[in-house]
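Please open the model in a viewer and keep a selection panel at hand. The stops below say what to select next and what is there.

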Amino acid sequence: MDGSSLSSVAARAQAHLAAGKYADAVELLGQLSAYDGSEKKGTKEKTGPMKSRVQHNLALAQLLAGKSKPAEFESALASLLSEMQGSVSQLQHADSMLGLSLKLRKEKDNWDDDSDYEKPRSIVFSGVNLSFQSLSMERDATLLRYNLAACYFRQQKYASASSILDALLRAMEPMDEVVAMHICFLYLDVLLHSSRSSAMSESALTNMRQKAHALLAYLESPHGFNGLADDQEPVKDAAAKERSLVEFKFRFHLYKAKVALLHENAKVAKKEVKSAMEVFQKEIKPKEPSNAAVTTTPSSLGVGVGAIFVPAPAVQNTAALYLKAQLEYLRRNFKKSIKLVASCKKGSVDDSIMLNNLGCIHAQLGQHQAAQSYFAQALNATKRRSKPEPLSASVQAELLYNNGLTLLVQKKFALAFRCFSGATRLFFNRPKLWLRLGECCTAYVAASRAAVPLEYKNKLVEAVVGHGPHRRVVLPTSAPETPAADDANMTLPYAVKCFRNALLLCTQLLEAKASVGGNESEMEAPAWTADALDAVRQKALVHLAYAYLSLAEPQLALATCHELLSVPTLTKAHRYLGRSYAAEALSLLSRSNEAAPLLKTNEMVVLADEYAREAKGDAASAQADVHVNNATACLLQKNMALAEQHVALAVRTCPTSRVALEQLVYVLLRKGNSKKALQILKEARVTN
């Protein structure tokens, strides 16, 4: 095989790679790899840039053709990098020996002009003086590292990809501009995906945002790939150059919008999405072929690193539409958001992601049954994949959490608990997830206890003893047992653990935020705001106090209530619950005189109204509960007259309140008026 044949095979291999025919490219690159170093007998095997490029392209084509696994691809690139580093070390040693011989010759021949020796024969690259051949090998090593980082990104190994890209960014200036552009876009993808991690600390988030701004600033500065450089070199294919510039502008606006959404800056994101849509409508769509099909070529492992990858117009349009739908979702314009998501062409986006987005929108509209249907379909779509993608674990965890929320709203507590438990494998340090798990447990127990009055005939009377005038009814001395849960962990002790986990995570995040809070700019809004963390913390304390009371632990419940009531930003609804739970705990501890100040009627009625408004409950029933609690405190203090007044207020405020009627019956029985108590019981049974 002569030189012209080699060039022909190489050109055909490059064409197959560009066309996505990876199997044919593997065959041709295999021929080149087998030929390399086997033409002349007695000669040393060829080494250097040409061999490494063939092996690099062969490994890349095999990965894209599905003939090798990512681990094999990583091993091949690591081996090539090791060989290159050895070759560069040898060249540097030879270069230093050449410099020494020139210096000796200078002393021998008495050179007068020192500049003849001091003229730079190499350039500075990555902090090392490299000759021309070393520079060529270093450029090949850069491409190897880029593809290795891209492979790590596709496997969701963001830390490994970030470490490689960090090293490449430190040598950005002498690098080829187009290669640097690809590195910047890949690094932005790594940062955007890493921001969704539940293990990301506040300082790491701040550092990540600074890197994203630096990358955008580099891409926006004058370069040849964005058409802003002053010394533009003439190009052979002007049309291809124009397509690359248009694609860069479109992609750059999209990435600026993504970074703005990461910072929760909807105003900047809206502006960038609008610019991207204008580029698509004016410069991309008019040139779209009539038979354009959606391609699935992975852009992160693009074959031609020397040119920007231009996906199908349908994929470009979908990316812009999704960002626009996200903006409408943040503006609570849900109907328009549904239209934008539904307008995306099928095949241009993963089915599970589209179904998840539709489920989120319907959940915000209050259509929880429809939302749960979408989430269930999305989960089935992730399970149907024959080869699970690296991102599927993260998507599946999000789907499980969303599905659990809709099931919790529909009061399907056991199913919701299973979904939340599945999401803990990845989102184990998200405080909201632990809060929802605890809510499932407490809501299940509360629902089970609320169902007990329906079986009064079996639960109210434990036994009947004696006959005639000596007949007596034996009442139960303990609360009825709660039916066993479908899941062994759906208990109150497990709920306590969940709420304590949520409190611990909230405290850690608030402390981390306070340590870096002074270094954040207005553009850098944290993923967890202080208000959101404070709201989760308040809810966790309220539920924890309820769980302690249900477990007959009044001392722990009282301590939790004191911690809750000491929160400066405590809402009125949570203050109402905190004071009520604290009064109940004090009553159980035989300290009813201390509970009276917490149950001041005028203050508690106002708080009860606010609680009823937030909980979307009956304000009259909440006010009646306030009077019943005051009556209970008076009864414990043996103040029957005042207790009777509070009970009368409770019944007058809400005549259908069951707890108020039960309290009235108790007061009447204490006064010896059993006939009126029996009449009230009969009427209550009829009305209820």
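The expected span of a helix is 1.5 Å times one less than its number of residues. Keep that rule for the first stop, and note that the model is predicted.

**First stop: helix H2**

Select residues 22-35, which make up helix H2. This helix has 14 residues, and the distance from its first C-alpha to its last is 20 Å, close to the 20 Å expected at 1.5 Å a residue. Now show the side chains of Tyr22, Ala25, Val26, Leu28, Leu29, Leu32 and Tyr35: these residues of H2 are buried. An α-helix has 3.6 residues a turn, so residues three or four places apart point the same way.

**Helix H18**

Go on to residues 431-450, helix H18. With 20 residues at 1.5 Å a residue, H18 should span 28 Å, and its end C-alpha atoms are indeed 28 Å apart. How many of the residues of H18 are buried? The count is 14 of the 20, so H18 is largely enclosed by the rest of the structure.

**The whole chain**

Zoom out and colour by secondary structure. The chain contains 29 helices and four strands. It has 688 residues, of which 41% count as buried. The exposed area of the chain is about 37600 Å², and carbon and sulfur atoms supply 53% of that area. Of the contacts between residues at least 6 apart in sequence, 63% join residues at least 24 apart.

**Two pairs across the sequence**

Select Leu143, in helix H6 (residues 132-154). Its relative accessible area is 14%, under the 20% cut-off, so Leu143 is buried. Add His56 to the selection: Leu143 and His56 are 87 residues apart in sequence, but their C-alpha atoms are 9.0 Å apart in space.

Next select Lys270, which belongs to helix H11 (residues 266-284). Lys270 counts as partly exposed because its relative accessibility is 45%. Measure from its C-alpha to that of Leu323: the two residues are 53 places apart along the chain, and the separation is 8.7 Å. Apart from neighbours within four places in sequence, Lys270 is in contact with Leu327 and Arg331.

**Salt bridges**

Stay with Arg331. This residue forms a salt bridge with Glu328, and the closest N and O atoms are 3.5 Å apart. Is Glu328 buried or exposed? Glu328 counts as buried, because its relative accessibility is 5%. Side chains of opposite charge can pair when their charged atoms come close. A search of the whole structure finds 14 salt bridges.

Now select Glu644 and Lys671, whose side chains meet in a salt bridge at 2.8 Å, N to O. This pair links distant parts of the chain: Glu644 is in helix H27 (residues 640-653) and Lys671 in helix H28 (residues 658-671), 27 residues apart. Glu644 is partly exposed at 32% relative accessibility, and Lys671 is partly exposed at 47%.

Remain on H28 and select Glu662 and Arg658. Their side chains meet in a salt bridge at 3.5 Å, N to O. Both residues lie in helix H28, four residues apart, about one turn of the helix. Glu662 is partly exposed, with a relative accessible area of 44%, and Arg658 is partly exposed, with 38%. For a linked set, select Glu220, Lys256 and Glu272, which are joined into one network by salt bridges that share partners.

**A surface patch**

Switch on the molecular surface and select Val464, Val473 and Leu475. Together they form a nonpolar patch on the surface, with about 260 Å² of accessible area. Leu475 lies in the loop between strand E4 (472-474) and helix H20 (492-516). Where does 52% relative accessibility place Leu475? Leu475 counts as exposed, because that value is over the 50% cut-off.

**Last stop: two cysteines**

Select Cys184 and then Cys506. Cys184 counts as buried at 0% relative accessibility. Cys506 also counts as buried, at 0% relative accessibility. How many disulfides does the structure hold? The number is zero.

Notes: Residues are numbered from 1 along each chain as its sequence is written. This is a predicted model: local features need pLDDT of at least 70, side-chain atom pairs count only at pLDDT 80 or more; totals for chains, interfaces and linings use all residues. Side-chain values use heavy atoms; hydrogens and water are left out. Helices (H or I, at least four residues) and strands (E, at least two) are DSSP runs, numbered from the N terminus. Buried means under 20% relative accessible area, exposed over 50%, partly exposed in between (1.4 Å probe, protein chains only). Patches are made of residues with over 30% relative accessible area and no salt bridge: like charges are joined within 9 Å, nonpolar side chains (Val, Leu, Ile, Met, Phe, Trp, Tyr) within 5 Å. Accessible areas come from the Shrake-Rupley method with a 1.4 Å probe; for residues, only the protein chains shown count as cover. A salt bridge is a side-chain nitrogen of Lys or Arg within 4 Å of a carboxyl oxygen of Asp or Glu. A disulfide is a pair of cysteine sulfur atoms within 2.5 Å. Contact means heavy atoms within 4.5 Å.
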